[in-house]
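Q: Hi! I've got a model open and would like to go through it with you. Could you help me find my way around?

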Amino acid sequence: MESKNPLQIINDIEKLLGIKLQPVKPNTHTPLRTVIVTKNGEQKYLLDIKEEKLIGLNLAQINLTDEKWAKIRGVIVPEDIQSLSLCDNQITEFRPEWGFTNLQMLNLYDNPLSFPPEEIVAGGNAAILNFLQELTGGD
């Protein structure tokens, strides 16, 4: 797969959504976890500078719909994403076939999800992540 410039990806997301994403501060000890935390409604991203990849994305609390989320999935490289927060939006599904195979942290709270199934969603974000990993044959 052809590599995408991570700064161009960020620029494309900002244009699609009409928002400004903030970089995660590089001095944090747990950068992947920092991406998940929503503070003051700030959307943010995390780059792996060495690998030149976008590895973390927080798009919480922006009224993100399935249609907008589909456009963003077309811009990012899903297998590069390790930390993702889509909490407090209007997402109705999060499917394993979308290719988020390297997720370590996932936050989908406060979305009207119909997939994964309700009993999985009721178990929280860790249960959702485990469910998706099982479906894709991940660890």
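A: Happy to; we can go through the sheet, a pair of helices and some individual residues, keeping in mind that this is a predicted model.

Q: Great, let's start with the sheet. How many strands, and in what order?
A: There are 5 strands in an open sheet, ordered β1-β2-β3-β4-β5, and the pairing is mixed. β1 (22–23) and β5 (105–107) are at the edges with a single partner strand each, so one side of each has no neighbour in the sheet.

Q: Remind me, what holds paired strands together in general?
A: Strands of a sheet pair through backbone hydrogen bonds, and they can do this in a parallel or an antiparallel way.

Q: OK, so which way do β1 and β2 run, parallel or antiparallel?
A: They run parallel, with 2 bridges joining β1 to β2 (residues 44–48). Proline 23 sits opposite tyrosine 45 of β2.

Q: And what about β2 with β3?
A: That pair is antiparallel, with 5 bridges between β2 and β3 (residues 53–58). Leucine 46 has glycine 56 in β3 as its bridge partner, and leucine 47 is partnered by leucine 54.

Q: What's in the turn between those two?
A: The hairpin of β2 and β3 has 4 residues between the strands, and glutamate 52 there takes a positive phi near 55 degrees.

Q: Then how does β3 connect to β4?
A: β3 and β4 (residues 83–85) run parallel and are joined by 3 bridges. Here glycine 56 turns up again, this time opposite serine 83 in β4.

Q: How covered are β2 and β3?
A: β2 is mostly covered, with 4 of its 5 residues buried. For β3 the count is 5 of 6 residues buried, so the rest of the structure largely encloses this strand.

Q: Back to the edge for a sec. What's glutamine 22 up to, and is it buried or exposed?
A: Glutamine 22 is part of strand β1. Its relative accessibility is 31%, so it counts as partly exposed, since that class lies between the 20% limit for buried and the 50% limit for exposed.

Q: Which residues does glutamine 22 touch?
A: Leaving out residues up to four places away in sequence, glutamine 22 touches Glu42, Gln43, Lys44 and Tyr45. In addition, the C-alpha atoms of glutamine 22 and leucine 57 are 9.9 Å apart, although 35 residues separate them along the chain.

Q: Now the other edge. Which residues does methionine 105 touch?
A: Methionine 105 is in strand β5. Not counting residues up to four places away in sequence, it touches Leu32, Arg33, Ile36, Gln82, Ser83, Leu84 and Leu129. Ser83 in that list is the serine that faces glycine 56 from β4.

Q: And how far is methionine 105 from asparagine 125?
A: Their C-alpha atoms are 8.3 Å apart, with their positions 20 residues apart in sequence.

Q: Switching to helices: how do α1 and α3 pack?
A: Helix α1 (residues 6–17) packs against helix α3 (residues 66–73) at an angle of about 160 degrees, with the axes 10 Å apart. That angle makes α1 roughly antiparallel to α3, because the label applies to angles over 145 degrees. As for handedness, α1 and α3 cross in a right-handed way.

Q: Which side chains should I click on there?
A: Try Ile13, Leu16 and Leu17 in α1, which meet Lys68, Lys71 and Ile72 in α3. By type, the residues of this contact are 4 nonpolar, no polar and 2 charged.

Q: Nice. Where is there a cis peptide?
A: Look at the bond joining phenylalanine 115 and proline 116, which is cis with omega about 5 degrees. Proline 116 belongs to the loop between β5 and α4 (118–121).

Q: What else is in that loop?
A: Aspartate 110 is in the loop between β5 and α4 too. Its phi is near 60 degrees, a positive value in a residue other than glycine. With 60% relative accessibility, aspartate 110 counts as exposed.

Q: Last one: what's the story with asparagine 63?
A: Asparagine 63 is located in the loop between β3 and α3. Phi is positive there as well, about 60 degrees, even though asparagine 63 is not a glycine. At 49% relative accessibility, asparagine 63 counts as partly exposed.

Note on methods:
Residues numbered from 1 in each chain as written. Predicted model: local features only at pLDDT ≥ 70, side-chain atom pairs only at ≥ 80, totals over all residues. Heavy atoms only, no water. Axes fitted to C-alpha atoms, helices over the stretch in contact; angles between N-to-C directions. Parallel < 35°, antiparallel > 145°, perpendicular 65-115°, else oblique. Left-handed = near helix turned anticlockwise from the far one by under 90°. Contact = heavy atoms within 4.5 Å. Nonpolar A, V, L, I, M, F, W, Y, C, P; charged D, E, K, R; others polar. Pairing = 2+ DSSP bridges. Buried < 20%, exposed > 50% of the residue type's maximum accessible area, 1.4 Å probe, protein only.
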